[in-house]
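Open the model in a viewer and keep the selection panel at hand. The stops below go through one chain, then the contact between chains, then the other chain.

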Amino acid sequence: MSAPPVEIQGLTVRYGERAALTGVSWTAAPGLTAILGPNGAGKSTLLKAALGLIPTAEGQVRFFGLPLEQARPRLAYLPQRASVDWDFPASALDVVAMARLPRTRWFGRLPRAEREAARDALGAVGMADFADRQIGRLSGGQQQRVFLARALAQEADLFLMDEPLAAVDVVTEQTILAVLHGLVRAGKSVLMVHHDLSLVQAHFDQVLILAGRVVAAGTVEEAFTEPAIARAFGGLPGRAPTEAAA
Amino acid sequence: MTDFLRLDFAALLAAMLAGGTCGLLGSFLVLRRESLLGDALSHAVLPGIVVGFALTGLRSAWPMLLGALGAALLATLAITWVRRAARMEAGAATGLVFTGFFALGLVLLEVTGARNADLDIDCVLFGQLETLVWLEAAGLASLLDPAALAGLPRQLGLLAGVALAACLFVAAFWRPLKLLCFDPDFARSLGLRVGRWEILLNLMIAAAAVAAFEAVGSILVIALLVCPAAALRLMTDRYNVQVWGGAALGAGLGAAGVLLAGPLPAALGLDFALSAAGLIGTLAGLTVAVALQRRRRFQAL
């Protein structure tokens, strides 16, 4: 049995005084995992801390048994769509090609083969016809698919995705779910921050339910239970339920 | 022709180099939504310039440039530190640090006596484009004559060096810079040392600000860093047009300001000349206004 895609031990993240995550220990099984929880539960924080994008107070994260720096080439990250400026003067292909940066020299032009790989990734999410369109002229769902294509172009073994299904159209939702299942069939793993509980049973293998700490974790059958959901979403002590996701 | 070479050529070259360099690097400020940082860096370099001057006693370019780069480095680190330590919004941290550095620079000016040496308030505000002359020029042949070229104002050497460095920097690191501007979090997840890239970019901007400062003055440096890039931002959806177009527009504004400062008032029947630097600033502002107008009309269609 090879090392698990992610192994988190005692992860604590603080934003100033407030602890966003406290003592999170969790080992992901291969396959498609939904990270669930109310707003402010620390779902996005978990991904960002695992990838070293924000400082952690305590804890360790290993990917495939390796520390972050060594595992990086095997990881792909899909940030929240709202985290970037879509008016940016770039085409869909430009954005996807950014994923190929670590595979090339940093100076000079992008080699043709890398550009073709980016084009293939756009094709895989049904966006081949929009390669040269400025990203601000795409619909929200199309923008989300460009982000997914960029993650695919990283050719990773583990994908960390922050709400790729938030506020997308039906076509995009189906495309993204089909791509995710394709990845899992190809032996890849996906950790996905997710908010729509109705899709969990039909599409995911595992869940991690967070509310500042681990509420429940395991296969959908064992962990995605009424009591666990009630505990996670039933109100967090001292925290308003409307607070924005960190 | 000889008159033009002797009196206007050096100023034209200086204004174009300053405008082009600032216009080029300004796009990265505007795309990163950090336009204030141009203002901040061009002020924060003052203590470095004074120290460079005080240590060497020379008003020559290189000690001042090195001092300015040192100050810009410290200011960049200080902004990052204040943001983290005080958990402060970027703009507030930037404002705090640059006023602090500028104040320190003013104190140093008094303490070191540099103020008495040469710091003319008009020069700080409007630069000294009009004083850039090439008296050794004796016709077009002088453009190829090393002895005559050696008589060009020394600011041109610094400006040309920084312009070349900025072009090479942008061309060589085209893709990492684009990623850094668009999605720094993703860049970090790829293993890019985002903090170091930001420092490098800020040092380039500081170098451009210092080189351009002597020619066109501090206010105009800020206008040239922001206006061409902001105008292009309204006019194009293409990254290469944004970046190189910003450089071209900056250089064009510089040229227009120098060439029109004399003839424009005369054509209007006025009996005074305009400050070239002032005209560059006015044109830069007008360009943004025109770009905005065009954009509005375009979107209304």
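Two strands pair if DSSP finds at least two bridges between them. Keep that cut-off in mind for the strand stops, and note that this is a predicted model.

**Stop 1: a hairpin in chain A**

Select residues 206–210 of chain A, strand β8, together with residues 214–219 of chain A, strand β9. These two strands pair in the antiparallel sense over 5 bridges, so the criterion of at least two is met. To check the register, pick Ile209(A), which stands opposite Ala216(A) in β9(A). β8(A) and β9(A) form a hairpin with 3 residues between them. In the turn, label Gly212(A), whose phi is positive at about 80°.

**Stop 2: an open sheet in chain A**

Move on to the open sheet of 3 strands in chain A, ordered β2-β1-β4 with antiparallel pairing. Which strands stand at the edges? They are β2 (18–27) and β4 (58–63) of chain A; each has a single partner strand, so one side of each is left without a neighbour in the sheet. Averaged over the sheet and ignoring direction, neighbouring strands are turned by 20° against each other.

Now select strand β1, residues 6–15 of chain A, which runs antiparallel to β4(A) and is joined to that strand by 5 bridges. Gln9(A) is a useful marker here, standing opposite Gln60(A) in β4(A). When side chains are switched on, recall that in a regular strand they alternate between the two faces of the sheet.

**Stop 3: a covered helix in chain A**

Select residues 43–50 of chain A, helix α1. Is this helix mostly covered or mostly open? It is mostly covered, with 8 of its 8 residues buried. Among the buried residues are Lys43(A) and Lys48(A), along with Leu46(A) and Leu47(A). Just after α1(A), Gly52(A) takes a positive phi of about 75°.

**Stop 4: where the chains meet**

Show both chains and select the contact between them, which takes 19 residues from chain A and 20 residues from chain B. On the side of chain A that touches chain B, the residues divide into 14 nonpolar, 3 polar and 2 charged.

**Stop 5: α3 and α5 in chain B**

In chain B, select helix α3 (residues 46–56) and helix α5 (residues 90–112), whose axes come within 7 Å and cross at roughly 25°. That angle makes α3(B) roughly parallel to α5(B), since angles under 35 degrees count as such. The crossing is left-handed. From α3(B), the contact uses Leu46(B), Pro47(B), Val50(B), Val51(B) and Ala54(B); from α5(B), the residues include Phe101(B), Phe102(B), Leu104(B) and Gly105(B). By class, this contact of α3(B) with α5(B) has 10 nonpolar, 2 polar and no charged residues.

Stay on Leu104(B), which lies in helix α5 of chain B. Leu104(B) is partly exposed, with 17 other C-beta atoms within 10 Å. Its C-alpha atom is separated by 9.0 Å from that of Ala44(B), 60 residues apart along the chain.

**Stop 6: α12 and α13 in chain B**

Finally, select helix α12 (residues 194–216) and helix α13 (residues 218–235) of chain B. Their axes come within 7 Å and cross at roughly 125°, and α12(B) and α13(B) are therefore oblique to each other. α12(B) passes α13(B) in a right-handed crossing. Ala209(B), Ala212(B), Phe213(B) and Val216(B) of α12(B) make the contact with Ser218(B), Leu220(B), Val221(B) and Leu224(B) of α13(B). Those residues divide into 7 nonpolar, 1 polar and no charged.

Conventions: Residues are numbered from 1 along each chain as its sequence is written. Chains are lettered from A and ligands numbered from 1 in the order in which they are written. This is a predicted model: local features need pLDDT of at least 70, side-chain atom pairs count only at pLDDT 80 or more; totals for chains, interfaces and linings use all residues. Axes are lines fitted to C-alpha atoms, for helices over the stretch in contact, and angles run from 0 to 180 degrees between N-to-C directions. Helices (H or I, at least four residues) and strands (E, at least two) are DSSP runs, numbered from the N terminus. Angles under 35 degrees count as roughly parallel, over 145 as roughly antiparallel, 65 to 115 as roughly perpendicular and the rest as oblique. A crossing is left-handed if the near helix is turned anticlockwise from the far one by less than a right angle, and right-handed if clockwise. Two residues are in contact if their C-beta atoms, placed from the backbone, lie within 7 Å. Ala, Val, Leu, Ile, Met, Phe, Trp, Tyr, Cys and Pro count as nonpolar, Asp, Glu, Lys and Arg as charged, and the others, Gly among them, as polar. A residue is buried if 20 or more other C-beta atoms lie within 10 Å of its own, exposed if 12 or fewer, and partly exposed in between; C-beta atoms are placed from the backbone.
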